[in-house]
Amino acid sequence: MKRGKILIISGPSGAGKTTVVKEFLSRVKTPFHCSISATTRSPRPGEIDGVNYHFITPEQFAAKKAENGFLESVEVFGTGVWYGTPIEEVEPYLNKGEWTLLEIDVRGCELIKQRYGKEVVSVFISPGSMKALEERLRGRKTESEADIAIRLKRAEAEMATADKYDYIVVNDVVAKAADAICHIVEKEI
Ligand code: 5GP
């Protein structure tokens with residue numbers, strides 16, 4: 001059977017990735033599995049363990065990492081909070097011929113590309129502007145001022161990595177951005 005491919009979606013926090021991904025999944029014709037990452041950060045209000053993330057303790061994370069249970073893992077904001085892609089969220093689905101979507105940061109993207117090469121299609125979601133990004137970050141009222149400052153600083157660094165991706169999609173209108181990703185998938189099948 002033809003193995004599925006990995007679709008990586010990256011972009012700065014506040015670029016609207018989650019909304020675009022949700023819209024994309026409601027439109028795409030190909031069967032997709034969404035990988036659920038593990039993280040040591042606390043759930044935001046409304047986030048559910050096993051749905052948004054596998055919320056685990058730093059000890060559980062370290063143990064899984066030590067037994068090579070992650071395809072990649074990164075301390076994304078350099079603040080002691082870890083994120084990682086569990087192997088079991090990806091491999092079984094690729095083997096079944098399903099595409100698997102990973103919403104991960106730029107370093108995670110590079111690690112996955114090193115491992116999977118041509119099986120990876122990477123898309124960078126860019127906010128319309130830094131102003132739009134800041135408005136979205138503040139609007140969702142889920143981060144403290146200190147966290148917003150960290151995310152804004154990191155967003156600038158992340159924007160500078162956009163050219164490492166196979167495709168860049170600007171999220172000015174969600175439906176348009178979702179359709180653009182659908183076209184990318186159709187082209188890469
Ligand atoms: P958030 O805390 O807002 O959910 O996610 C913060 C950042 O971590 C986002 O850029 C997101 O793409 C990234 N991220 C989420 N899961 C993973 C993962 O498993 N691996 C890596 N490398 N980054 C991740």
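Start by selecting Arg 136, which sits in helix H5 (residues 130-139). Bear in mind as you click around that this is a predicted model. Arg 136 counts as partly exposed, at 31% relative accessibility. Now show its contacts beyond four places in sequence: Arg 136 touches Gly 14, Ala 15, Gly 16, Pro 127 and Asn 171. Pick the C-alpha atoms of Arg 136 and Gly 16 and you get a separation of 7.6 Å, although the two residues are 120 apart along the chain. For the polar detail, draw a distance from the side chain of Arg 136 to the backbone oxygen of Ala 15, which gives 3.0 Å.

**Next stop: helix H1**

Select residues 17-27, which make up helix H1. Which residues of H1 are buried? They are Lys 17, Val 20, Val 21 and Phe 24. Look down the axis of H1: these buried residues fall within an arc of 100°, so they line one face of the helix. The spacing has a simple background: an α-helix has 3.6 residues a turn, so residues three or four places apart point the same way. Rotate to the other side of H1 and you find Thr 18, Lys 22 and Ser 26, which are exposed.

What do the buried residues of H1 pack against? Color these in turn: S1, strand S2 (32-34), strand S7 (99-103), S8, strand S9 (167-171) and helix H7 (174-188).

**Into strand S7**

From that list, keep S7 selected. The strand is mostly covered, with four of its five residues buried. S1 runs parallel to S7, and four bridges join them. To see one position in that pairing, select Ile 9, whose bridge partner in S7 is Glu 103. S2 also runs parallel to S7, joined to it by three bridges. Here, select Phe 32 and look across to Trp 99 in S7, which stands opposite.

**The other sheet**

Move on to an open sheet of four strands, in the order S4-S3-S6-S5 and with mixed pairing. Strand S4 (54-55) and strand S5 (70-74) are at the edges; each has a single partner strand, so one side of each is left without a neighbour in the sheet. Further in, strand S3 (residues 38-39) pairs with S6 in the antiparallel sense, over two bridges. Pick Thr 39 to find Tyr 83 of S6 opposite. Leave Tyr 83 highlighted, as it comes up again at the next stop.

**Around the ligand**

Select the ligand and expand to its surroundings. How many residues are around the ligand, and which come nearest? There are 17, and the nearest are Ser 37, Arg 41, Arg 44, Tyr 53 and Tyr 83. Put some distances on the display:

- Arg 41 has a polar side-chain atom 2.7 Å from an oxygen atom of the ligand.
- Arg 44 likewise places a polar side-chain atom 2.7 Å from a ligand oxygen atom.
- Tyr 53 has an N or O atom of its side chain 2.5 Å from an oxygen atom of the ligand.

**Salt bridges to finish**

Stay on Arg 44, since this residue also forms a salt bridge with Glu 47, with the closest N and O atoms 3.7 Å apart. Buried or exposed, where does Glu 47 fall? Glu 47 is buried, with a relative accessible area of 18%, and Arg 44 is buried too, at 19%.

Now jump to Lys 64 and Glu 88, whose side chains meet in a salt bridge at 2.9 Å, N to O. This pair links distant parts of the chain: Lys 64 belongs to helix H2 (residues 58-66), while Glu 88 is in the loop between strand S6 (83-86) and helix H3 (91-95), 24 residues apart. Lys 64 is buried, with a relative accessible area of 18%, whereas Glu 88 counts as partly exposed at 45%.

For a wider view, select Arg 41, Arg 44, Glu 47, Arg 140, Glu 143 and Arg 151 together: salt bridges that share partners join them into one network.

The structure holds 19 salt bridges. One of them takes you to the last stop, where Glu 119 meets Arg 3 with the closest N and O atoms 2.7 Å apart. Glu 119 lies in the loop between helix H4 (106-116) and strand S8 (120-127), Arg 3 lies in the segment before strand S1 (6-10), and 116 residues separate the two. Glu 119 is partly exposed, with a relative accessible area of 23%, and Arg 3 counts as partly exposed at 30%.

How values were computed. Residues numbered from 1 in each chain as written. Predicted model: local features only at pLDDT ≥ 70, side-chain atom pairs only at ≥ 80, totals over all residues. Heavy atoms only, no water. Salt bridge = Lys/Arg side-chain N within 4 Å of Asp/Glu carboxyl O. Buried < 20%, exposed > 50% of the residue type's maximum accessible area, 1.4 Å probe, protein only. Arc of directions from axis to C-beta. Contact = heavy atoms within 4.5 Å. Pairing = 2+ DSSP bridges. Near = heavy atom within 4 Å. Polar contact = N/O pair within 3.5 Å; in protein donor to acceptor, adjacent residues only side chain to side chain.
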